[in-house]
Amino acid sequence: MNKKKNLKKIRLLRQQGNKAFRSWFLKRPKLSKFLLGILTHMKKSSIYLAGGIVRDIITHKPNRTHDIDMMIVNCDFKELGEVLYKLKKQKIFGIKDVVQAGKLFPVYKASVLWNTEAIDIALARTEVSTGTGHKDFQIETKTVSAKEDSSRRDFTLNAIFFKIRKKRGTISGNIVDYQNGISDLVGKEIKAVGNPRKRFLEDPLRMLRAIRQKNQLSFHIEKNTWESIKILMPKLINTISGERISVELLKSLEANPSTMEDLKESGILDLLIPEFYLCKEEIFTKTLNNLKRLNKEKPSKILLAACLLSEIANYEIEERKKEYKDKKFKGKFSSEDPDFYTPQIPLKIIKRLYLPQQKQISYLLYCFLIFKNIKYISYPLSVCEELFKNNSMTEDIKKFLRITDVNGENITQIDALLEKFYENPPLINGIDLIEIGIPRLDIQKILRNLRQLQLTLDIRDKSILLSKADNSIDKGNI
């Protein structure tokens with residue numbers, strides 16, 4: 001009974017998917033014109049839509065991605081290029097540029113005026129792995145069918161095609177599903193095409209991609225696929241470039257913070273960021289909660305990365321404070337100095353994972369730790385102003401402090417603090433202090449001290465503030 005019910009759902013989804021494609025093309029007349037142009041020049045070839053766009057249209061989520069991937073069967077790569085360049089010369093197709101992409105795969109990228117992303121147009125191909133990793137392949141394109149191409153795809157739900165036809169001067173077609181991807185869409189299952197071990201050996205990044213798509217789509221990973229991930233990840237993680245790992249990691253966290261639980265269960269988290277196990281479950285649980293709060297804010301990649309590492313940074317500083325209290329700390333800064341709160345462990349992780357915009361991530365973590373420990377720092381108002389002064393990251397800092405629930409005991413409203421800085425700008429600079437005889441080595445400390453006094457006492461007169469610097473010199477309190 002359940003099998004009959006499932007078959008009925010599969011047929012229904014296929015029917016609805018074909019209707020969804022017709023509606024999708026009607027809303028994209030420029031894409032339809034582009035496809036008609038290719039079909040007119042390549043009458044012996046078959047054209048398919050492929051990849052995530054097909055899945056998303058079938059599941060009525062066509063706006064999830066702007067990527068349009070096309071596959072051509074029964075065509076020579078040189079011939080395909082000649083057709084695309086010919087269409088480019090005709091303005092009605094809106095093609096800005098056509099370039100051959102990559103050295104390994106037969107793909108053209110067509111940049112067009114009517115889509116934000118370039119369209120990938122590839123020949124159907126088979127791939128025979130000649131080693132471990134994404135680069136070692138023997139590629140074949142001659143006489144390769146759509147079915148053969150589908151068998152080298154990563155997951156069944158990404159191996160569904162839509163065959164494009166020309167019917168009475170308009171675009172038509174139908175869903176083609178050689179790997180039973182529709183069935184897995186109905187079952188909400190991420191399943192490797194064929195042998196999962198073979199798929200992951202061909203491209204180990206697919207293991208991270210499985211976790212990302214699971215969380216993006218709210219699906220589950222098929223048992224054999226999941227077991228292969230847990231077995232192979234420790235063996236293959238070092239064959240994946242850091243840049244590719246960081247892209248998948250941040251995409252996964254952006255899709256769903258619960259990615260963290262999958263990364264932990266699969267053993268990937270232990271391999272990528274073993275520092276999470278500094279303090280057993282506490283760091284992991286706090287990080288997961290922070291990421292869940294951040295997820296509601298539509299965060300940037302910088303915020304995601306900083307949030308991922310914030311509790312590790314906090315743990316490091318707490319341990320450093322204990323060492324300082326026990327007089328075991330070997331650093332040159334005291335706990336009253338903001339430099340004392342510069343984290344080191346997260347900086348190593350940031351570099352190891354090749355995270356993007358590393359300086360900005362590090363700066364967010366530094367601001368987080370300063371505000372968390374503001375009660376220990378000398379001249380807190382001055383130091384806080386330095387964090388925000390002329391900084392394009394102000395909104396990110398405010399959002400991050402709000403998410404991590406850190407404002408400091410003496411600073412409850414960041415906006416009110418910024419307004420205070422704006423209303424009473426600094427009266428004294430380093431040159432003023434040099435002119436009254438303050439040694440250069442002491443300038444930063446004295447400037448912070450005077451700015452703290454200016455803001456605390458609401459001083460608006462430069463001479464009054466300078467007199468306090470004179471008093472400091474006279475009393476030897478520099």
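User: What stands opposite M70 in β5?

Analyst: In this predicted model, the residue of β5 that stands opposite M70 is I121. The strand that pairs with β5 in the parallel sense is β2, residues 69-73.

User: What makes β2 and β5 a pair?

Analyst: Two strands are said to pair if at least two bridges are found between them, and β2 and β5 are paired over four bridges. That count meets the cut-off, so the two strands are called a pair.

User: How do you know that β4 and β5 also pair, and in which sense do they run?

Analyst: The requirement is again at least two bridges, and four bridges join β4, residues 107-112, to β5. The requirement is therefore met, and these strands run antiparallel. K109 stands opposite D120 in β5, and a hairpin of six residues leads from β4 to β5.

User: Why is strand β5 called largely enclosed?

Analyst: A residue counts as buried when its relative accessible area is under 20%. Four of the five residues of β5, which spans residues 119-123, are buried, and the strand is therefore described as largely enclosed by the rest of the structure.

User: Why is L80 classed as it is, buried or exposed?

Analyst: L80 lies in helix α4, residues 77-88. Its relative accessible area is 0%, and because the limit for a buried residue is under 20%, L80 is called buried.

User: What makes K19, R22, K167 and R168 a positive patch?

Analyst: Lys and Arg count as positive, and like charges are joined into a patch within 9 Å, provided that each residue has over 30% relative accessible area and no salt bridge. K19, R22, K167 and R168 form such a patch on the surface. For R168, the relative accessible area is 79%, which is over the 50% that marks an exposed residue, so R168 is called exposed. R168 sits in the loop between β8 (161-167) and β9 (170-176).

User: How do you know whether S218 is buried or exposed?

Analyst: The relative accessibility of S218 is 56%, and since exposed means over 50%, S218 counts as exposed. S218 is placed in the loop between α8 (205-217) and β11 (220-221), and its phi is near 60 degrees, a positive value in a residue other than glycine.

User: Why is K327 called exposed?

Analyst: The relative accessible area of K327 is 79%, and because the limit is over 50%, K327 is exposed. K327 is found in the loop between α14 (301-325) and α15 (345-352), and has a positive phi of about 60 degrees although K327 is not a glycine.

Methods. Residues numbered from 1 in each chain as written. Predicted model: local features only at pLDDT ≥ 70, side-chain atom pairs only at ≥ 80, totals over all residues. Heavy atoms only, no water. Patch = residues over 30% accessible without salt bridge, like charges linked within 9 Å, V, L, I, M, F, W, Y side chains within 5 Å. Areas by Shrake-Rupley, 256 points an atom, 1.4 Å probe, with all protein chains shown as cover. Salt bridge = Lys/Arg side-chain N within 4 Å of Asp/Glu carboxyl O. Charge placed at Lys NZ, Arg CZ, Asp CG, Glu CD. Buried < 20%, exposed > 50% of the residue type's maximum accessible area, 1.4 Å probe, protein only.
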